[in-house]
Structure formats: C-alpha cells, structure tokens
Amino acid sequence: MNKEKDFINIINKILNKDSDKNLLVGIGDDAAVISKSSNENTVICSDSIVEDVHFNTEYFSFEDIGWKSISINISDLASMGASPNYYTVSIGVPDNLNKENFTKIINGIKNCCESFGGKVVGGDIVSSNKLFISVTAIGKLISNNFMTRGSAKVGDKVAVTGNLGDSLGALNLLKKNKNNKNLSVKHFAPEPKVNQSRELVKLGIKCCTDISDGLHNDLLNICNESKVSMIIDVENIPASNDLIKEFPEEYKDISINGGEDYELLFTFDESKIKLPFDYYVIGEICKKSKYEIFYKNKKGKYIPNLNPWSHFE
C-alpha cells in the first residue's frame, strides 16, 4: 500500500474534475504548467520538509535545512524544464528554535537562491511542535517545451544524470554515528540539476522527473503515467566509489531504494539525440506487461531487496 499515492488519488478525484484550457499539466507530476499565452508559461510546484521525517537537527546544520527547503523545489522545476523566479516560504517554528538558529535557516535559503536563482517574496510563520518549511516555487519554462512523467515511448533509453544512493548511504551511516563527508554533502545540501535540465528540454526531450523518492519509486511513476514497462540493468546504475566502499554488499539495492538524490531521470531516443553532458543509460522502455520494472544483471533476473522511501513509514 502506498498511502501517499492513495491520498493523491483522492485529491485528484475531488479537485481535478473541471477542465481548464490554461492548465497544461496538473495534479500528479513534479509541477503544474499553466499557459498564460502561446509563448509564456508559468510552472508552479510545492514541497515541504519536516523535522524527523526529512531532516534531523542532530545531523543537519540549520543552514543546510534552509538550503534544502529551496533546492528540492528548484529540482522539481528543473525536472519540468523550468527555472525559478519566486518563492513563498512558510515556516513552522517550535518553542526551542532561537533567533540565532532561525537566522541560520534564512541564510541557508538566501545562499540557495543566490546559487540557483529566484527570490523569496512572501510566506508565513506559525507555531509548531516540529520545525517544518513549506515552499511554493514559481518559475518559467526555459523554452516552449516542457517535460513530464507521462511522455516515455517504447524503445526509449532510460537514463540518469549521476550517482544514486549517496543520500541514503549517508543517512544510514549517520544513524550509526559514522560520517562520510562525500556522501553526506548529497544528503545535507543537494544541488538541483538545472544545467542538465536546460540541455534536455532544449534538445526536445519530453519525459523527465527528479529522483526524490528513490529510483524505484520514480521509475514506477514514469511507468504508471506513461503506461509502459521498463527493463533496468542494475550493473549500469551509477554508484559512487564512496558508496561502494561503505556498503560493498548493499550498494546496488541502496541505489535502487535511496531517496533524495535529486538527479534527473529521463527517457530519450539515443540514436537521435546527443547530449552534451555525462549521463548513464540504465535501461529501456518496453510495452506495458505483467511487470512494471524488470531488473536484470549479468546472471539474468535480479530481485532487489525493495525498501523504498515512504513519507508515512
């Protein structure tokens, strides 16, 4: 059971009944795309981070918490082929958060905005039992094209922009009072793949999402929205040397399960499109069948130990 998807389906059923000619992409993707005119489209997304769900103040600096709240929204915009313009930021403040640490959060937000663009124009501050930050990002399409989860075609290659599993690997180490700085930077301060997004959408790629809920979950999102299946070669899933060193027996499954990597996952016709950046082909789209994702390795079928990210577990 996927409680998050069940809730999204309820929202979709109740609130998404009426058609809107200006709504190009609505509920169910990384962001909404709204058409103002033939050459001006607005992209809107919203994402939240909650203490003890997405971060722990025992591990995270307050600057990193602020940074992450913005960067994950920029990543959603990037997955659609958009760049950020404005943000509203709502912060739930617990009694034990002092002015000094609140200032650090705001500085983290400022640093991320300065690095990747966009300006905070409003929001809200409320009292809360746990620290949380909820951001709405408003952006614009980089070109007249945009990318969605539902545009994969049979025969497309499935590719990612970089190493997977570092964030989960870092978290697993932190829980054991260990730290690998090269892994932890992906967990604490992820960088949205805005440059790769720009190239993808300019070259006409139609199907993309960011890997926020883990590779397996986000592959399933593309399968479900595009009504296709996939064959994934686990030998081709990129993993960092640090992840392999720390988890020599588990790194493949960590790469499949791990959330919050914020790499881009996309599909494309490799015979027709040449990309100007490093990427990793991990599989291929095939016709919808009894399985959604078929994992394989050199020996044949591979059965991963699936324990994907869930907000409610």
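Contact here means heavy atoms within 4.5 Å. With that in hand, welcome to a short tour of this predicted model. The stops are a pair of packed helices, a strand with its partner, and a set of aromatic rings.

**Helices α4 and α5**
- Seven residues' worth of names is easiest to read by helix: D166, S167, G169, A170, L171, L173 and L174 of α4 touch L183, S184, K186, H187 and F188 of α5.
- Sorted by class, this contact between α4 and α5 brings together six nonpolar, four polar and two charged residues.
- The axes of α4 (residues 166–174) and α5 (residues 181–188) lie 7 Å apart and meet at an angle of about 110°.
- Because angles of 65 to 115 degrees count as roughly perpendicular, α4 is roughly perpendicular to α5.

**Strands β8 and β10**
- In β8 (residues 207–210), C207 and T209 point one way, while C208 and D210 point the other way.
- All four of these β8 residues are buried.
- Strand β8 runs antiparallel to β10 (residues 264–268), and four bridges join the two.
- Across from C208 of β8 stands F266 of β10.

**Aromatic rings**
- F266 also belongs to an aromatic cluster, together with F268, F277 and Y279.
- The model has eight aromatic pairs.
- One of them is Y291 with F294, a tilted pair with 5.5 Å from centre to centre and 50° between the planes.
- Both partners are partly exposed: Y291 has a relative accessible area of 29%, and F294 has one of 26%.

Note on methods
Residues are numbered from 1 along each chain as its sequence is written. This is a predicted model: local features need pLDDT of at least 70, side-chain atom pairs count only at pLDDT 80 or more; totals for chains, interfaces and linings use all residues. Side-chain values use heavy atoms; hydrogens and water are left out. Rings of Phe, Tyr and Trp (its six-membered ring) pair if their centres lie within 6.5 Å; planes under 30 degrees apart count as stacked, over 60 as edge-to-face and the rest as tilted. Buried means under 20% relative accessible area, exposed over 50%, partly exposed in between (1.4 Å probe, protein chains only). Axes are lines fitted to C-alpha atoms, for helices over the stretch in contact, and angles run from 0 to 180 degrees between N-to-C directions. Angles under 35 degrees count as roughly parallel, over 145 as roughly antiparallel, 65 to 115 as roughly perpendicular and the rest as oblique. Ala, Val, Leu, Ile, Met, Phe, Trp, Tyr, Cys and Pro count as nonpolar, Asp, Glu, Lys and Arg as charged, and the others, Gly among them, as polar. Two strands pair if DSSP finds at least two bridges between them.
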